[in-house]
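Open the model in your viewer and keep the sequence panel beside it. The tour below goes from one selection to the next.

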Amino acid sequence: LIGYGLVVGLDGSGDQTTQAPFTTQSLENMLMQFGITVPASARPQLKNAAAVMITAELPPFAKPGQTIDITVASIGNAKSIRGGELLMAPLRGADGNVYAIAQGSVVVGGVSAKGKSGSSVQVNISASGRIPNGASVERSVASSFGNGGDLMLNLNTPDFVTAARIAKAVNQVYGAGTAQAVDGGSVSVRG
């Protein structure tokens, strides 16, 4: 899943909006949804906000209401998103449908520091982070698993002898013709 969102509440480490104008545009669009109109002449400098891309993996058989972990990464020029709060953002699948809604506090594993002399140190990356259980599944993916038909068992390490032995063991328990080795890497079991 993938989505676009805003992380706010940064301590001056967000996007420089002159170089990342989409952050300002995104914030203005969000404020309009709440009935707040930003004057056209205003040029807000939002050093406490950052535009981010959000990614997540929808696990098999996920149901609405379950939560999944998400990864958040800056797409502007934010120095760090440490301590930020991701505002509600939809996560879409490859088909364009919304499958989850993300929001929450960003946990960053990296740290960076600069001294007055100009020296600096950085460990890992502080412009990306994770939000454990940061998205709520809104839609499940249709599965044909329980609709009958043959079940295909795929071997982790293809080996025809192992596939034949699996088919033989299944047939001994459930009757002849229930399973058959299709090739060295898979066994078909009748549903």
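Which residue in β11 is the bridge partner of L153? Select L153 and look across to β11: the partner there is V187. Bear in mind throughout that this is a predicted model.

**The sheet of β9, β11 and β10**

Now widen the selection to the strands around that pair. β9 and β11 (residues 186–189) are antiparallel and are joined by 4 bridges. They belong to an open sheet of 3 strands, with antiparallel pairing and the order β9-β11-β10. At its edges are β9 (151–154) and β10 (179–183), each of which pairs on one side only. Ignoring direction, neighbouring strands in this sheet are turned against each other by 30° on average.

Next, add helix α2, residues 160–174. Helix α2 lies across β9, β10 and β11, and runs at about 165° to β10.

**Strand β8 and its partners**

Move to β8 and show β3 with it. These two strands pair antiparallel, through 6 bridges. To find one position on this pairing, select A73, which stands opposite S128 in β8.

Then show β5, which is joined to β8 by 3 bridges, again with the strands running antiparallel. Here the position to pick is A102, with A135 of β8 opposite.

**The nonpolar cores**

Select V7, I54, I70, V72, I81, L86 and L91. Within the largest nonpolar core, which has 24 residues, these are the ones with the most contacts. At least two residues of this core come from each of β2 (49–55), β3, β4 (85–92), β5 (98–105) and β8 (128–137). A second core, of 7 residues, is separate; L155, A163, A167 and V187 are among its members.

Return to V72 and display what surrounds it. Leaving aside residues up to four places away in sequence, V72 touches V7, V52, M53, I81, L86, A127, S128, G129 and I131.

**Last stop: S74**

Select S74, which is in strand β3 (residues 67–74). Is S74 buried or exposed? Its relative accessible area is 18%, and buried means under 20%, so S74 counts as buried.

Which residues does S74 touch, not counting those up to four places away in sequence? Display D15, A51, V52, I81 and A127 to see these contacts. Finally, add G76: the side chain of S74 reaches the backbone nitrogen of G76 at 3.4 Å.

Technical notes:
Residues numbered from 1 in each chain as written. Predicted model: local features only at pLDDT ≥ 70, side-chain atom pairs only at ≥ 80, totals over all residues. Heavy atoms only, no water. Buried < 20%, exposed > 50% of the residue type's maximum accessible area, 1.4 Å probe, protein only. Polar contact = N/O pair within 3.5 Å; in protein donor to acceptor, adjacent residues only side chain to side chain. Contact = heavy atoms within 4.5 Å. Core = buried A, V, L, I, M, F, W, Y, C linked by side-chain atoms within 4.5 Å. Pairing = 2+ DSSP bridges. Axes fitted to C-alpha atoms, helices over the stretch in contact; angles between N-to-C directions.
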